[in-house]
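Work through the exercises below with the structure in view. Each task is followed by a solution in steps.

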Amino acid sequence: MKKRRIAILGSTGSIGTQTLDVIRRHRDMFEVELISARSSADLLIAQALEFDAANVVICDERKYPAVKEALADSDTKVWAGIDSLCDLVRSAEVDMVVGAMVGFSGLRPTLAALEAGKIVALANKETLVAAGSIVTRTMREHKTVILPVDSEHSAIFQCLLAAQGNEVEKIHLTASGGPFREWERSRIAGAKAADALKHPNWSMGAKVTIDSATMMNKGFEVIEARWLFDIAPSRINVVVQPESIIHSMVEFVDGAVIAQLGHPDMREPIGFALTFPQRVSVGNRKLDFAQLGKITFQEPDQRKFPCLRLAYEAIEKGGNAPCALNAANEVAVAAFLKDAISFYDIPKINEMCLDGLDFVEEPTMEDIFETNVAVARKASSIISKL
């Protein structure tokens, strides 16, 4: 079989490093054509040398000289900036693009890849949150596909494959409940970033771990599912499954439910996307149902986690509202990680930005970028006054 040539956008983050771990186990199946990082130059250099990457992009242009010098004796070409990244993903030498960048920054290169007809294995949920209608329309126009890498959306995708086209009644997105699932609201109010970063099940980057603690991550997954699977938000249900064994479920018109199970290990959905339609070993633990004992479910508490409600409100409103929610949340989470605001300031800032939005019903890409800048500026202004 011909090797699949991979570009990894955000190779030094949690998803990117786990993607390279899957590739490391199956070097006979893949070539690393392109890797990129925002500013983690040392790790990017090490990855380029280990995987003999054809190209690397350091988005922080100040780090370019150091990366260039370190790779001078290799065959790797070194580039700088997001424009270079957008150009390189269009290359005929790239078969699949793994979108693992964090936040809104992943939108432009993902669109560039789709416009070039590349298969995109998407972990960057903010791309679909901010511009879902534009991204999915671009995918259809260029006759390519987005393969979900989020564990929940990968689970739904796998369940739908098993369904053989039968009519879906509802999608059930499972949530761990995060580190504060059993905390009282008064205790959560005093939580610091260090507390929120202690996720009970998953090992993730800082931003997505905070989003899990607020349940904004699950709200974004509702928005993402709406676009990936072309399903109304009212038919997307969120249920807390604390063991993180059931990654999501699909319910059909006859009442039957298909679920996808596995240990909380992101290499499973990454591997499935990279090798689809094949399955390969990724070095993960296998389930022992007798040892597992039980799987439990709970309703999400939207009083303790109001970000989930805000996500439903944003996708029901449509237009540029989800983009605004994402922009506000990125700024608020960054401030919380610096202990500059309290935990419940995050949903407060998000709601204030949504309420004051200059709404655009059918946004263009220009509208999306303008919304992102304007709302980020507004969120920063709110934070300065708190």
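**Exercise 1.** Determine how helix 11 and helix 14 are oriented relative to each other.

Solution. The model is a predicted one. Start with the geometry: helix 11 covers residues 216-228 and helix 14 covers residues 307-317, and they pack at an angle of about 25° with axes 7 Å apart. Angles under 35 degrees count as roughly parallel. Helix 11 and helix 14 are therefore roughly parallel to each other. Their crossing is right-handed. Next, list the residues that meet: M216, K218, G219, F220, V222, I223, R226 and W227 from helix 11, and C307, L308, A311, Y312 and I315 from helix 14. Sorted by class, the residues of this contact are ten nonpolar, one polar and two charged.

**Exercise 2.** Do the same for helix 10 and helix 15: what is their relative orientation?

Solution. The axes of helix 10 (residues 206-214) and helix 15 (residues 321-337) come within 10 Å and cross at roughly 100°. The range for roughly perpendicular is 65 to 115 degrees. Helix 10 and helix 15 are therefore roughly perpendicular to each other. On the helix 10 side the contact involves A206, K207, I210 and D211, and on the helix 15 side N329, E330, V333, F336 and L337. Five of these residues are nonpolar, one is polar and three are charged.

**Exercise 3.** Is T144 buried or exposed?

Solution. First locate T144: it sits in the loop between helix 6 (125-141) and strand 7 (146-148). Its relative accessibility is 11%, and buried means under 20%, so T144 counts as buried. Then look at its surroundings. Leaving aside neighbours within four places in sequence, T144 is in contact with L114, G117, K118, I119 and M139. The T144 side chain reaches the backbone oxygen of K118 at 2.7 Å.

How values were computed: Residues numbered from 1 in each chain as written. Predicted model: local features only at pLDDT ≥ 70, side-chain atom pairs only at ≥ 80, totals over all residues. Heavy atoms only, no water. Axes fitted to C-alpha atoms, helices over the stretch in contact; angles between N-to-C directions. Helix = DSSP H or I, 4+ residues; strand = E, 2+ residues; numbered from the N terminus. Parallel < 35°, antiparallel > 145°, perpendicular 65-115°, else oblique. Left-handed = near helix turned anticlockwise from the far one by under 90°. Contact = heavy atoms within 4.5 Å. Nonpolar A, V, L, I, M, F, W, Y, C, P; charged D, E, K, R; others polar. Buried < 20%, exposed > 50% of the residue type's maximum accessible area, 1.4 Å probe, protein only. Polar contact = N/O pair within 3.5 Å; in protein donor to acceptor, adjacent residues only side chain to side chain.
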